[in-house]
Amino acid sequence: MKINSLKKEEAAAGLFGCCGCKAWTDEMVAALPFDSEEEMFKKSEDIMRSLERVHWLEAFSHHSKIGDIETLKSKFSSAENEQAGVKGASDEVIKEMMKLNEEYEKKFDFIFIVFATGKSADEMLSLLRARISNDRETEIMNALNEQIKITKNRLQKLI
């Protein structure tokens with residue numbers, strides 16, 4: 001695996017790009033080298049679940065808001081992007097996503113996190129509608145589970 005051959009600083013930079021949490025990155029670097037991809041994925045999840053909420057919130061804060069019109073139109077125009085499902089979405093869908101994202105962030109004090117790969121804008125909007133009625137504890141755990149999926153997807157690209 002490529003990650004095992006990187007200098008610690010390079011590995012840390014690559015890992016931080018997979019999950020924007022310094023504590024997670026530091027623990028992953030300390031766990032190097034990995035014997036297999038499966039070991040790395042398990043370690044990644046185990047570390048994330050063992051961290052404190054402040055660290056989860058740090059990781060969440062490194063995501064772009066789904067539904068941010070300007071961000072989506074400029075940053076997420078590539079079909080290879082994680083949020084590519086939003087490409088071609090109607091302005092109405094994007095505006096509703098933006099509105100619900102603002103409500104979500106006010107209610108939970110963190111942005112809506114979803115593993116967007118392979119999901120259409122309508123699917124993401126539906127998930128946002130469903131999850132906004134949850135309590136904060138449920139949503140933190142939902143966001144954590146989505147963060148773990150996103151991190152695994154990014155790790156696959158790193159290796």
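Contact means that heavy atoms lie within 4.5 Å. The model in these exercises is predicted, so local features need pLDDT of at least 70 and side-chain atom pairs count only at pLDDT 80 or more, while totals for chains, interfaces and linings use all residues. Residues are numbered from 1 along each chain as its sequence is written, and side-chain values use heavy atoms, with hydrogens and water left out.

**Exercise 1. The overall fold**

Task: Determine how many helices and strands the protein has, and state what percentage of its residues count as buried.

Solution:
- Step 1. Helices (H or I, at least four residues) and strands (E, at least two) are DSSP runs, numbered from the N terminus.
- Step 2. By this rule the protein has nine helices and zero strands.
- Step 3. Buried means under 20% relative accessible area, exposed over 50%, and partly exposed in between (1.4 Å probe, protein chains only). Of the 159 residues, 42% count as buried.
- Step 4. Of the contacts between residues at least 6 apart in sequence, 69% join residues at least 24 apart.

**Exercise 2. The packing of H3 and H4**

Task: Describe the crossing of helix H3 and helix H4, and name the residues that make the contact.

Solution:
- Step 1. Two packed helices are described by the angle between their axes and the distance between the axes.
- Step 2. Axes are lines fitted to C-alpha atoms, for helices over the stretch in contact, and angles run from 0 to 180 degrees between N-to-C directions. The axes of H3 (residues 22-31) and H4 (residues 37-50) come within 10 Å and cross at roughly 140°.
- Step 3. H3 contributes Trp-24, Glu-27, Met-28 and Ala-31 to the contact, and H4 contributes Met-40, Lys-43, Ser-44, Ile-47 and Met-48.
- Step 4. Ala, Val, Leu, Ile, Met, Phe, Trp, Tyr, Cys and Pro count as nonpolar, Asp, Glu, Lys and Arg as charged, and the others, Gly among them, as polar. The contact residues accordingly divide into six nonpolar, one polar and two charged.
- Step 5. Ser-44 lies in H4 and counts as buried because its relative accessibility is 6%. Not counting residues up to four places away in sequence, Ser-44 touches Trp-24, Met-28, Thr-151 and Leu-155.

**Exercise 3. The two sides of H2**

Task: Identify the buried residues of helix H2 and the elements that cover them.

Solution:
- Step 1. In H2 (residues 8-18), the buried residues are Ala-11, Leu-15 and Cys-18.
- Step 2. Seen down the axis of H2, these residues fall within an arc of 45°, so they line one face of the helix. The arc is that of the directions from the helix axis to the C-beta atoms.
- Step 3. An α-helix has 3.6 residues a turn, so residues three or four places apart point the same way.
- Step 4. The cover over the buried residues includes helix H1 (2-5), H3 and helix H9 (136-158).
- Step 5. The face of H2 turned away from the buried side carries the exposed residues Glu-9 and Ala-13.
- Step 6. Gly-17 is also found in H2 and, at 48% relative accessibility, counts as partly exposed. Gly-17 and Leu-158 are 141 residues apart in sequence and 9.2 Å apart in space, C-alpha to C-alpha.

**Exercise 4. Backbone features in two loops**

Task: Locate Pro-33 and Asp-109, and describe the backbone at each.

Solution:
- Step 1. Most residues other than glycine have a negative phi, and most peptide bonds are trans.
- Step 2. Pro-33 is placed in the loop between H3 and H4. The peptide bond from Leu-32 to Pro-33 is cis, with omega near 0°.
- Step 3. Asp-109 is in the loop between helix H7 (91-108) and helix H8 (121-131). The phi of Asp-109 is near 70°, a positive value in a residue other than glycine.
- Step 4. Asp-109 is exposed, with a relative accessible area of 62%.
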